[in-house]
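Here are a few exercises to work through with the model open beside you. Try each one yourself before reading the solution.

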Amino acid sequence: MFPKPPGYTRGIIMNIRKEKDSDKENIWKVNAEAFETEAEANLVNVLRDSGNFFISLVAEEDEEIVGHILFTPVELIGDESGLKLLGLAPMAVLTNLQKKGIGSQLVKTGIEKCSAQGNDAVVVLGYPEYYPKFGFVPSVKFGIKSEYDVPDEAFMVLELKEGSLKGKNGIIKYHPAFGSV
């Protein structure tokens with residue numbers, strides 16, 4: 001059997017890369033199509049324009065953007081230690097290409113980028129059946145909760161630096177734009 005080429009995911013060969021300025025419209029379209037409303041697509045634009053640091057990756061197939069993932073800074077209220085925390089949201093894949101591994105590859109690559117840039121942990125509000133395969137655990141394990149009223153099992157955290165959350169607790173606060181979603 002021949003080795004699979006880089007980017008091979010269940011029959012789809014794709015490229016994952018940082019977003020470029022010229023991608024903005026296509027990123028909006030992917031997010032608008034993947035979610036029930038345009039709120040997440042609009043959120044991406046607001047977060048990008050906020051001036052805050054972010055990691056934004058796209059998945060391309062045949063030079064067409066088919067997926068997108070965004071990581072933006074979040075804050076652990078009351079923590080003065082300088083923890084570098086990011087929130088994963090949103091993550092979107094065109095509906096006709098979902099469940100083919102594109103989202104998983106976006107998450108894996110995104111986590112690698114977050115770690116390489118020296119971040120301590122990533123939080124996500126998402127499906128408790130999906131994110132644990134990447135190492136996410138319920139954040140209540142660390143005494144950390146979301147600012148939003150969500151089930152404990154749906155708000156998760158991944159330590160990128162082992163022990164970085166030891167002794168930390170509190171509430172994660174997102175950029176105010178998340179309140180509109």
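Helices here are DSSP runs of H or I with at least four residues, strands are runs of E with at least two, and both are numbered from the N terminus. This is a predicted model, where local features need pLDDT of at least 70 and side-chain atom pairs count only at pLDDT 80 or more, while totals for chains, interfaces and linings use all residues. Residues are numbered from 1 along each chain as its sequence is written, and side-chain values use heavy atoms, with hydrogens and water left out.

**Exercise 1. Work out how far you can trust the chain.**

Step one: pLDDT is the predictor's confidence in each residue, from 0 to 100. The protein chain averages 92, and 93% of its residues get to 70 or more.

Step two: look for the weak stretch. Residues 1–10 stay under 50. Where pLDDT is low, the predicted coordinates should not be read in detail.

**Exercise 2. Describe helix α3 and what comes just after it.**

Step one: take the span. α3 covers residues 102–116, and its 15 residues reach 21 Å from first C-alpha to last. That's close to the 21 Å expected, taking 1.5 Å times one less than the number of residues.

Step two: list what is buried (under 20% relative accessible area; exposed is over 50%, partly exposed in between; 1.4 Å probe, protein chains only). In α3, the buried set includes Ile102, Leu106, Val107, Ile111 and Cys114.

Step three: move past the end. Glycine 118 has a positive phi of about 85° just after α3.

**Exercise 3. Place asparagine 119.**

Step one: asparagine 119 sits in the loop between α3 and β7. Is it buried or exposed? Asparagine 119 counts as buried because its relative accessibility is 4%.

Step two: find its partners. A polar atom of the asparagine 119 side chain lies 2.9 Å from the backbone oxygen of cysteine 114. Beyond four places in sequence, its contacts (heavy atoms within 4.5 Å) are Lys84, Leu86, Cys114, Leu160 and Lys161.

**Exercise 4. Explore the largest nonpolar core.**

Step one: such a core is a set of buried Ala, Val, Leu, Ile, Met, Phe, Trp, Tyr and Cys residues joined through side-chain atoms within 4.5 Å. The largest has 53 residues, with Leu88, Val107, Tyr131, Phe136 and Ile172 making the most contacts inside it. Among the elements that each supply at least two residues of this core are α1, α2, β6 and α3.

Step two: zoom in on leucine 88. Beyond four places in sequence, its contacts include Ile69, Phe71, Val107, Val123, Tyr131 and Phe136.

Terms used:
Polar contact = N/O pair within 3.5 Å; in protein donor to acceptor, adjacent residues only side chain to side chain.
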